[in-house]
Amino acid sequence: MSDTIPTPHIELYVRSMLPDGAHERQEAVIDRLQMLNENDHIDGLNVIVWGKQIAPQSAAARTEEGKYILNRVAEFKQWALTNNVSLESFYQDTTVDSEVAESAYDAMALPVMGLAEYDGSELVHVAPCTKDDVVHTIMDRLDRLEAGQPPALDQERGDVSVV
């Protein structure tokens with residue numbers, strides 16, 4: 001990596017119950033991240049397995065794991081606000097009909113994969129995200145990491161000139 005681009009730590013969030021075809025994509029991303037780690041393009045990798053959704057008012061949300069997920073998603077939302085990007089491709093709020101309780105409850109659908117990039121303890125990028133109708137995917141970020149480049153959002157900010 002160059003002296004000007006910090007080597008980030010990566011957290012990859014993967015869903016445990018996968019839709020068709022997602023397992024191969026997850027495997028390819030994990031393999032590529034491991035290669036980036038071995039070649040010192042990143043400074044460590046954590047893979048966190050989560051479920052399809054979490055209901056913020058549920059008993060599961062009050063567990064250590066549930067609190068961790070909700071805190072991370074809150075951190076991602078704050079990063080998105082600060083960077084004027086959308087995380088609609090990352091998570092979605094939904095209402096779930098419960099046949100057992102004969103009622104509905106609010107839940108947050110979690111993505112099949114999500115990437116969080118940290119410089120020390122500072123969150124510097126989340127993928128996938130959308131800015132100005134451009135989706136910045138996990139694979140886009142991996143390509144830039146391999147090339148020693150900052151996130152595309154940082155590149156966009158750096159391209160602005162004042163006349």
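Which residue just after α1 takes a positive phi of about 60 degrees? Keep that in mind while we look around; this is a predicted model, and the answer turns up at the end of the first helix.

**Whole chain**

Start with a cartoon of everything. The protein chain holds four helices and nine strands, and from the N terminus on the elements go β-α-β-β-α-β-β-β-β-β-β-α-α. Of its 163 residues, 42% count as buried. Switch on a surface and you have about 9,600 Å² of accessible area, with 48% of that belonging to carbon and sulfur atoms. If you like contact maps, take contacts between residues at least 6 apart in sequence: 65% of them join residues at least 24 apart.

**Helix α1**

Select residues 22-38. With 17 residues at 1.5 Å each, α1 should span 24 Å, and its end C-alpha atoms are indeed 24 Å apart. Now show side chains for A22, Q26, V29, I30, R32, L33 and L36, the buried residues of this helix. Look down the axis: these buried residues sit within an arc of 165 degrees, so they line one face of α1. Turn to the other side and you meet E24 and E38, both exposed. To see what covers the buried residues, add elements including β1 (9-15), β2, β6 and α3 (138-146).

Step just past the helix and there is the answer to the opening question: D40, with its positive phi of about 60 degrees.

**Helix α2 and the main core**

Next, select 64-83, which is α2. Its 20 residues should span 28 Å at 1.5 Å a residue; the end C-alpha atoms are 29 Å apart, which agrees. Buried residues here include I69, L70, V73, F76, W79 and A80, but also R72 and N83.

Which residues have the most contacts inside the largest nonpolar core? Show F76, W79 and L87 as spheres: they are the ones, in a core of 23 residues. Elements giving two or more residues to this core are β2 (45-50), α2, β6 (113-119) and β7 (122-127), and the largest share, six residues, comes from α2. Centre on L87 and, skipping neighbours within four places in sequence, you should find contacts with F76, K77, W79, A80, V126, P128 and C129.

There is also a second, separate core of 14 residues; V29, L36, I138 and L142 are among them. V29 and L36 will be familiar as buried residues of α1.

**The β6-β7 hairpin**

Select 113-127 in one go. β6 and β7 run antiparallel, joined by five bridges; A116 stands opposite V126 in β7. Two residues separate the strands of this hairpin, and G120 in the turn has a positive phi of about 65 degrees.

**Backbone oddities**

Finish with torsions. As background, most residues other than glycine have a negative phi, and most peptide bonds are trans.

- A127 to P128: this peptide bond is cis, with omega near 5 degrees. P128 is in the loop between β7 and β8 (129-131).
- N84: phi is positive, about 55 degrees, although this residue is not a glycine. Find N84 in the loop between α2 and β4 (92-98), where it is exposed at a relative accessible area of 58%.
- D132: another residue other than glycine with a positive phi, near 50 degrees. D132 is in the loop between β8 and β9 (134-136), and at 65% relative accessibility it counts as exposed.

How values were computed
Residues are numbered from 1 along each chain as its sequence is written. This is a predicted model: local features need pLDDT of at least 70, side-chain atom pairs count only at pLDDT 80 or more; totals for chains, interfaces and linings use all residues. Side-chain values use heavy atoms; hydrogens and water are left out. A nonpolar core is a set of buried Ala, Val, Leu, Ile, Met, Phe, Trp, Tyr and Cys residues joined through side-chain atoms within 4.5 Å. Buried means under 20% relative accessible area, exposed over 50%, partly exposed in between (1.4 Å probe, protein chains only). Contact means heavy atoms within 4.5 Å. Accessible areas come from the Shrake-Rupley method with a 1.4 Å probe; for residues, only the protein chains shown count as cover. The expected span of a helix is 1.5 Å times one less than its number of residues. The arc is that of the directions from the helix axis to the C-beta atoms. Two strands pair if DSSP finds at least two bridges between them.
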